[in-house]
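Visitor: Could you take me through one part of this model in a single, connected account? I would like a close look at one strand and the sheet around it, and then at what surrounds that sheet.

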Amino acid sequence: MPEEVRVWQYIEKTIRDVCDMFGYSEIRVPIFEHTEVFQRGIGETTDIVEKEMYTFTDKGGRSVTLRPEGTAAVVRAYLEHKLYGKYPLAKLYYMGPMFRYERPQAGRYRQFHQFGVEALGSSSPYIDAEVIDMASTLYTSLGIRDFEIKLNTIGCPKCRPAYQSALRAALSDKLERLCKNCRNRYERNPMRILDCKEDVCKELTENVDGIDEYLCDECMVHFTKVKECLDSLGINYTEDKRLVRGFDYYTKTVFEIVYKGLGAQDAIGGGGRYDGLVEEYGGPHTPAVGFAAGLERVILTLKQSGNLPEIVDELDVYIACIGEDITTTAFSLVSSLRRKGISAEMDYSGKSLKSQMKSANKLGARYVVILGPDEIQKGYVLVKAMSTGEQDEVALKGLEEYIASKKRV
Ligand code: AMP
């Protein structure tokens with residue numbers, strides 16, 4: 001609805017400003033892609049691919065999917081347009097609707113909106129920290145204060161298999177007691193068990209080791225440096241060894257931003273490094289890192305914390321007509337004001353002066369011009385400043401200039 005859209009536009013503008021500051025350029029990827037784009041990138045054994053995609057066969061017999069997230073599509077576009085040849089480090093952002101067939105509840109919808117960034121082409125831990133800094137700057141700029149940044153590393157294909165084996169061994173005698181989903185995850189994707197929201201699974205995995213002891217040197221050094229960078233920027237975070245995120249493409253750093261007041265769906269954003277994804281699609285080795293924020297949850301957070309901005313419509317001038325026969329004169333005046341960049345409105349339904357004044361108020365008009373046969377004859381109009389009630393007599397010819405000069409102040 002229009003009044004909600006105003007809040008969305010404010011959020012989108014803030015996002016664009018932050019992106020400009022951090023050097024990200026917008027990319028617009030399609031709303032749907034070949035199903036394979038998501039299957040391959042996100043991973044066959046993830047919840048999204050197994051259960052949550054809106055997948056259809058089109059009239060040409062092709063399987064297409066409404067995008068459930070942005071990264072896979074950005075990587076597809078990055079390769080198709082050979083951006084690796086153009087930019088040593090491609091810093092891209094996107095914003096728009098995503099679709100997941102999940103059980104709808106507060107903060108979880110089947111069509112929702114994400115803003116996301118992807119930095120492709122660098123393995124530096126500084127970029128991980130920069131992306132987290134950007135996320136943090138964004139939430140702060142939007143007026144969100146009490147968010148928490150959860151941070152973890154999930155290793156890389158070199159060191160992760162050993163941890164996965166250790167995890168299976170540690171959970172083998174508990175397998176029967178895990179929830180159905182986690183029993184499925186046990187062989188195919190055991191780290192996802194750590195992320196399960198079922199109480200029984202949380203309890204059963206409470207004391208299992210984190211990945212730390214299994215990390216290879218490279219992953220260990222990388223994680224230490226990311227933390228040092230965040231410390232140097234004074235960004236607070238909590239290490240959470242259970243944080244694994246729901247996508248197969250992540251390597252090394254993963255993070256999530258939560259706002260505790262939101263209840264069960266408390267993640268307002270999340271991201272991580274994905275050093276192998278571009279190669280997975282057949283491209284050159286391109287280490288990358290990204291982040292996505294859920295905009296509905298950002299709005300819920302702003303509402304919850306009483307920080308939702310009240311954005312009111314603004315109108316420069318309302319032309320109130322006395323008598324219907326001056327409608328045509330008013331009509332051309334409104335049009336010429338608009339052409340000068342002054343927003344203007346009038347009434348076409350022959351309302352009384354009193355109800356025109358009411359309309360002007362409702363529309364948030366800063367000035368009302370009263371225009372009647374006498375005014376037209378004299379060539380002077382009465383201009384009323386709505387905030388102070390002050391009135392000025394202004395030459396009709398100089399009206400645009402008068403309003404424009406007020407607009408500039
Ligand atoms: P993800 O792509 O799963 O990492 O999600 C990134 C962010 O998008 C989450 O932190 C949420 O804020 C938001 N999000 C994910 N799924 C949904 C959904 N079904 N409805 C609303 N927001 C969502």
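Guide: Strand β6, residues 111-120, is mostly covered, with eight of its 10 residues buried; buried here means under 20% relative accessible area, exposed means over 50%, and partly exposed lies in between, for a 1.4 Å probe and protein chains only. The model is a predicted one, in which local features need pLDDT of at least 70 and side-chain atom pairs count only at pLDDT 80 or more, whereas totals for chains, interfaces and linings use all residues. Residues are numbered from 1 along each chain as its sequence is written, and side-chain values use heavy atoms, with hydrogens and water left out. Strands (E, at least two residues) and helices (H or I, at least four) are DSSP runs numbered from the N terminus.

On one hand, β6 pairs with β5, residues 90-99, in the antiparallel sense over 10 bridges, where two strands count as paired if DSSP finds at least two bridges between them. On the other hand, β6 pairs with β11, again in the antiparallel sense, over seven bridges. A single residue lets you follow both contacts: Q114 in β6 stands opposite G96, and the bridge partner of Q114 in β11 is G294.

Stepping back, β6 belongs to an open sheet of eight strands in the order β1-β5-β6-β11-β10-β9-β7-β8, and the pairing is mixed. The edge strands are β1 (25-26) and β8, each of which pairs on one side only. At the β1 edge, β1 and β5 pair in the parallel sense over two bridges, and S25 stands opposite L92 in β5.

Aromatic side chains connect β11, the neighbour of β6, with a helix. Rings of Phe, Tyr and Trp (for Trp, the six-membered ring) pair if their centres lie within 6.5 Å, with planes under 30 degrees apart counted as stacked, over 60 as edge-to-face and the rest as tilted; by this rule there are 14 aromatic pairs. In one of them, the rings of Y139 and F291 have centres 6.2 Å apart and planes at 85 degrees, so the pair is edge-to-face. Distant parts of the chain are linked by this pair, since Y139 belongs to helix α6 (residues 125-141) and F291 to strand β11 (residues 288-294), 152 residues away. Both Y139 and F291 are buried. A contrasting geometry is found for F247 and Y249, whose ring centres are 5.2 Å apart with planes at 15 degrees, so this pair is stacked; F247 and Y249 are likewise both buried. Y139 and F291 also belong to an aromatic cluster that they form together with Y93, F115, F147 and F255.

Between F247 and Y249 in the numbering comes D248, which lies in the loop between β8 (238-239) and β9. D248 is partly exposed, with a relative accessible area of 33%. The C-alpha atoms of D248 and S405 are separated by 58 Å, with their positions 157 residues apart along the chain.

β9 itself deserves a careful look at K252, which is found in that strand. K252 has a positive phi of about 55 degrees although it is not a glycine; most residues other than glycine have a negative phi. K252 is buried, with a relative accessible area of 5%.

The residues of β9 also reach a pocket, that is, an open set of points on a 1 Å grid over the protein atoms alone, where a 1.4 Å probe fits, with protein on both sides within 12 Å along at least five of seven lines, its lining residues having an atom within 4 Å of a point. The second largest pocket has a volume of about 370 Å³, counted as the space filled by probe spheres set on the points, which are joined across faces, edges and corners. It is lined by 20 residues, of which P157, T251, D275, G276 and L277 are the closest to its centre. β9 (251-259), α2 (35-42) and α11 (277-280) each supply at least two residues of this lining, and the largest share, three residues, comes from α11. By type, the lining of the second largest pocket divides into six nonpolar, five polar and nine charged residues, with Ala, Val, Leu, Ile, Met, Phe, Trp, Tyr, Cys and Pro taken as nonpolar, Asp, Glu, Lys and Arg as charged, and the others, Gly among them, as polar.
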